[in-house]
Amino acid sequence: VAIKGTPKAEVTWYRNSEPLPKKSSRFRYLEDGGVYSLVMSEASVMEAGTYTCRASNPHGYRDTSVNVQVVGGARGKPAMFVSRPDTTMNIAVGEDITISFRVTGDPKPRVTWMKGMKDITNNIRTLKETVNDYVRLSLKHATIMDSGTYFITAKNIYGADHAFVTVRVRQRARSLTPTRNIWSGPDTSTLLRDIHESTKALVNDVPGPVASEATVSDAGKNWVSLTWGKPENRGAAPVLAYRVETWLLGSEGGAHWTELGVTPINSFDAFFLKPGGEYKFRITARNRYGWGESVTSTESITIGSASNCPPDILRDLPGPVKALQGDDITLECEVGGDPPPYVQWLRDGQDVSTIVALRGRVFVSDSQQTHRLIVKQLTEDDSGRYVCEAVNKMGRASTYARLLVVSDPRLLEADRKLKENLAENQESAPQVTMRLRDRRVQATYPVRLSCQVVGNPTPTVTWAHDGNPISSDDRHQLVAEADHFHTLEICRTVLEDGGQYTVTAQNCLGAVSCHCQLTVDKGIRA
């Protein structure tokens, strides 16, 4: 770390907030021309953690931190697709988009599913099922808007592998039987009048410019994935296609636009580009009356350049978190990307800076790639899903944590002991560490009920509605997710789905249950 200041700063290194001794056989403090280093000899997994360098003088102090992972023993295996999904799919409106594949790696890879710039892995309509190395991703009840290219990433600390799937959603077939008046054409005067009026209004019938210029949602050595906003003015007819063109800057470019292709949706994958080449892209919309006004990207994009990197979550938020009412909490993650992404914190989809109940109690701190959200004097209303979202011109990425604020300190102590028992592989009866919550939903909409259950041996989880057992069918999906979460997803709810839902976890040492109330009505959406 390069440090400047007058008078000269005193430097102290910390690991997980504990100061490291300046004289130790394990650590060495080094300084060379204002550059300070901490050297660890023969690092082991015990040295993993968050390391902080603190520089202080009489005028104050500054910190910078980094998260260090130490891989112990034999090297693991990078994430890799054993069997890849089909590259193209054709389905009808209303059907499910289902993508199946096998992934391997040590440690077990994390699978992320994206469409354009949006991470849809945990979307309310998506379902992720994992059995050993088999993974199945489903998107329920496809619409025309679900057409496009989907991007799947399998990633662990040793590497990542990617797969692309292009999905085309078609309208269901309609009857071709002609109507009674289909053969009765217009008379000559009407036909000539229509031709004259359509020619005069043609310039106003084509689509307007797309709403936003092409941006890169993902990129590789010789390819980019582009996405753009749909035209605000589509003209006199729906947009049928978009033309994608590119201009290679420099002496090798040829000083002309080259058509890459035509796509029916507002995204496009451009392959076989020149690595290191500097490109601009132009998008033009078309409807039945012709091509509209083109929109050209204002900034050039260098293919395969480290200076064009979409945001990447280097260290996730901690997932499920419990905290005591009245305490302070810090949520921390690390985000990379170039240009440096703009980071925004959300709670249940709302910017934390706009939540009246959090004013004066919420603070945001940034230190290079480390971003922190601090909430002081917690209340039970502060419980929710907190998201750190990073955005730059290349794309976006996000990570989240579920915060549960409790008023009884005994719950925190029981949770801590339970985690210690699980870490030591001690046997324990099932416990509900995050309970079901009451929900209200409008009929025909889907709903998800989730809870977190732990125990050793792993408990068997069952669901019931008003005392009647629930099993998976065409409307009910029972999902066991990572971090001991269990979810019941109900598709196309009906009024009869209302009532009390119970989840029961049982192993050889005992059983535990929790309940929630689901209300289904005709006018309120979840």
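The following questions and answers concern salt bridges, strands and enclosed spaces in a predicted model.

The model is predicted, so local features need pLDDT of at least 70 and side-chain atom pairs count only at pLDDT 80 or more, while totals for chains, interfaces and linings use all residues. Residues are numbered from 1 along each chain as its sequence is written, and side-chain values use heavy atoms, with hydrogens and water left out.

Me: How many salt bridges does the structure hold?
Reply: Side chains of opposite charge can pair when their charged atoms come close. A salt bridge is counted when a side-chain nitrogen of Lys or Arg lies within 4 Å of a carboxyl oxygen of Asp or Glu. For this structure the number of salt bridges is 21.

Me: Which parts does the salt bridge of R372 and E332 tie together?
Reply: The side chains of R372 and E332 meet in a salt bridge with an N to O distance of 2.5 Å. Strands are DSSP runs of E with at least two residues, and they are numbered from the N terminus. R372 lies in residues 370–375 and E332 in residues 329–338, so the pair ties together parts that are 40 residues apart in sequence, namely strands β31 and β27.

Me: Are R372 and E332 buried or exposed?
Reply: Relative accessible area decides the matter: under 20% is buried, over 50% is exposed, and in between is partly exposed, with a 1.4 Å probe and protein chains only. In β27, the strand of E332, seven of the 10 residues are buried. R372 and E332 are both buried.

Me: Which residue in β31 stands opposite E332?
Reply: Strands of a sheet pair through backbone hydrogen bonds, either parallel or antiparallel. Two strands count as paired if DSSP finds at least two bridges between them. β27 and β31 run antiparallel and are joined by six bridges. Opposite E332 in β31 stands R372.

Me: Which residues are linked with R372 in a network of salt bridges?
Reply: R372 has a salt bridge with E332. The network also takes in other residues, and its members besides R372 are R315, E332 and E334.

Me: Is R410, the salt-bridge partner of D408, buried or exposed?
Reply: The closest N and O atoms of D408 and R410 are 2.9 Å apart. D408 has a relative accessible area of 22% and is partly exposed. R410 has a relative accessible area of 63%, so it is exposed.

Me: Which residue takes a positive phi in the hairpin of β3 and β4?
Reply: Strand β3 (residues 27–32) and strand β4 (residues 35–40) run antiparallel and are joined by six bridges. D32 has V35 in β4 as its bridge partner. The hairpin has two residues between the strands, and the residue with a positive phi near 60° is G33.

Me: Which are the edge strands of the open sheet of four strands?
Reply: The order of this sheet is β2-β1-β5-β6, with antiparallel pairing. Two bridges join β1 (residues 10–15) to β2, and Y14 stands opposite P19 in β2. An edge strand pairs on one side only, and the two are β2 (18–19) and β6 (60–68).

Me: Between which domains does the largest cavity lie?
Reply: Rolling a probe the size of a water molecule over the atoms shows where empty space is left. On a 1 Å grid over the protein atoms alone, a cavity is a set of points where a 1.4 Å probe fits but cannot get out, and lining residues have an atom within 4 Å of a point. The largest cavity has a volume of about 100 Å³, where volume is the space filled by probe spheres set on grid points joined across faces, edges and corners. Both domains, whose bounds come from an automatic or database assignment, give residues to the lining, so the cavity lies between domain 2 (78–170) and domain 3 (215–303).

Me: Which strand gives the most to the lining of the second largest pocket?
Reply: A pocket is an open set of grid points with protein on both sides within 12 Å along at least five of seven lines. The second largest pocket has a volume of about 1,100 Å³. Of the 43 residues that line this pocket, those closest to its centre are K115, S147, G148, I265 and N266. The strand that gives the most, with six residues, is β15.
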